[in-house]
Amino acid sequence: MSAQLAAYSTSTGEAVQFWILGTVAVIGALCTVLMKRAVHSALCLAGTMIILAVFYLANGAYFLGVVQIIVYTGAIMMLFLFVVMLVGVTAADSLKETIRGQRWLALLCGLGFGVLLVGGIGNASLNQFDGLATANAGGNVQGIAALLFTRYVFAFEITGALLITAAVGAMVLTHRERVERARTQRELAEQRVREGKHLPPLPAPGVYARHNAVDIAGLLPDGTPSELTVNRTLRERGQIRDVSTEAISDLKALEQRSAERLERDEIEPPHFQRTEEASK
């Protein structure tokens with residue numbers, strides 16, 4: 001009887017945790033949909049998944065919490081972020097629909113998911129349940145395995161088939177057929193020569209290898225800065241430091257010291273020779 005009452009009761013710490021983290025999770029979910037940049041949306045979704053993992057751990061579902069962090073947040077979401085960063089999806093991309101009616105279909109799927117969610121919450125509110133202590137009596141992992149491979153085995157297999165179908169469909173939609181022959185390396189090199197592009201490797205940033213900062217333009221042999229040594233993004237932002245005048249003055253001082261040192265070296269050997277003759 002006490003276990004059944006404990007299943008329906010909620011402690012103060014659990015309630016505070018739910019309302020604080022639940023609010024943050026809802027805000028993260030809304031930001032996932034409303035953010036203009038895909039990278040920001042993916043980061044908000046990753047934060048929401050981490051909060052869901054905390055909920056699983058707080059409710060005694062340790063296996064689901066660990067899987068939520070390792071698989072979904074640590075693997076799948078990081079994969080999404082890497083793909084978004086490599087592809088370079090920005091807010092300036094076209095939002096034109098490539099498939100007709102996909103927005104209405106997405107709205108219909110959202111309504112269906114809402115109906116299922118309300119039905120699940122209503123079922124849990126009206127019916128009695130055993131609680132976490134009874135559910136995890138034989139172990140959390142063992143209990144999940146028993147449900148997946150007995151009661152929900154068909155739903156589990158259908159979900160796996162849907163995920164595989166979605167992955168194959170994404171590959172088919174993103175695949176582009178090549179309609180022309182790929183150019184060889186020799187043809188690409190000839191094209192660069194005809195267009196008059198910069199053929200050798202670009203010079204490294206810095207000033208005569210005395211600075212290794214990426215925001216300092218390298219100097220050419222005549223002392224003028226080279227725009228090819230800095231990133232175009234930094235150049236457009238105006239975040240390039242001009243040290244050409246300082247570098248040239250330092251080089252002149254270095255050349256002067258070198259010249260004085262060389263003149264001293266030319267004078268010193270005879271002096272050493274006379275000292276050796278005097279010692280004999």
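This briefing describes the fold, the buried parts and the cysteines of one protein chain. The structure is a predicted model. Its secondary structure consists of eleven helices and zero strands. The average pLDDT of the chain is 76, and 74% of the residues score at least 70. Over residues 1–7, however, the pLDDT is below 50.

**Overall make-up**

- Read along the sequence, the helices follow one another in the pattern α-α-α-α-α-α-α-α-α-α-α.
- The chain has 280 residues, and buried residues make up 15% of them.
- The accessible surface comes to about 22600 Å², and carbon and sulfur atoms account for 65% of that area.
- Among contacts in the chain with a separation of 6 or more, 47% are between residues 24 or more positions apart.

**Confidence**

- The chain averages a pLDDT of 76, with 74% of its residues at 70 or above.
- The stretch of residues 1–7, where the pLDDT is below 50, has four contacts in the model beyond near neighbours in sequence.

**Helix α2**

- Helix α2 covers residues 12–34, which is 23 residues.
- From the first C-alpha of α2 to its last, the helix reaches 33 Å, close to the 33 Å expected at 1.5 Å a residue.
- Gly22, Ala25, Gly28 and Thr32 are buried in α2.
- The cover over the buried residues of α2 includes helix α3, residues 38–58.

**The largest nonpolar core**

- The largest nonpolar core is made of five residues: Ala42, Ala46, Met49, Met77 and Leu81.
- Helices α3 and α4 (62–87) each supply at least two residues of this core.
- Helix α3 gives the most to the core, with three residues.
- Ala46, one of the core residues, is in contact with Thr73 and Met77 once neighbours within four places in sequence are left aside.

**Thr73 and Gln68 in helix α4**

- Thr73 is found in helix α4, and it counts as buried because its relative accessible area is 8%, under the 20% limit.
- Thr73 and Ala46 are 27 residues apart in sequence, yet their C-alpha atoms are 5.7 Å apart in space.
- Apart from neighbours within four places in sequence, Thr73 is in contact with Ala46, Met49, Ile50, Gln68 and Met78.
- Gln68 is also found in helix α4.
- Gln68 is buried because its relative accessibility of 9% falls under 20%.
- Not counting residues up to four places away in sequence, Gln68 touches Met49, Leu52, Ala53, Tyr56 and Thr73.
- Met49 is therefore on the contact lists of both Thr73 and Gln68.

**Ser41 in helix α3**

- Ser41 lies in helix α3.
- With a relative accessible area of 12%, Ser41 is buried.
- Leaving aside neighbours within four places in sequence, Ser41 is in contact with Cys31, Thr32 and Met35.
- Of these contacts, Thr32 is one of the buried residues of α2, whereas Cys31 is partly exposed.

**Cysteines and disulfides**

- A search of the whole structure finds zero disulfides.
- A disulfide is a covalent bond between the sulfur atoms of two cysteines.
- The closest cysteine sulfur to that of Cys31 is in Cys44, at 4.6 Å.
- That distance is too far for a bond, because a disulfide needs the sulfur atoms of Cys31 and Cys44 to be within 2.5 Å.
- Cys31 counts as partly exposed, because its relative accessibility of 23% lies between the limits of 20% and 50%.

Technical notes. Residues numbered from 1 in each chain as written. Predicted model: local features only at pLDDT ≥ 70, side-chain atom pairs only at ≥ 80, totals over all residues. Heavy atoms only, no water. Helix = DSSP H or I, 4+ residues; strand = E, 2+ residues; numbered from the N terminus. Expected span 1.5 Å × (residues − 1). Buried < 20%, exposed > 50% of the residue type's maximum accessible area, 1.4 Å probe, protein only. Contact = heavy atoms within 4.5 Å. Core = buried A, V, L, I, M, F, W, Y, C linked by side-chain atoms within 4.5 Å. Areas by Shrake-Rupley, 256 points an atom, 1.4 Å probe, with all protein chains shown as cover. pLDDT = per-residue confidence, 0-100.
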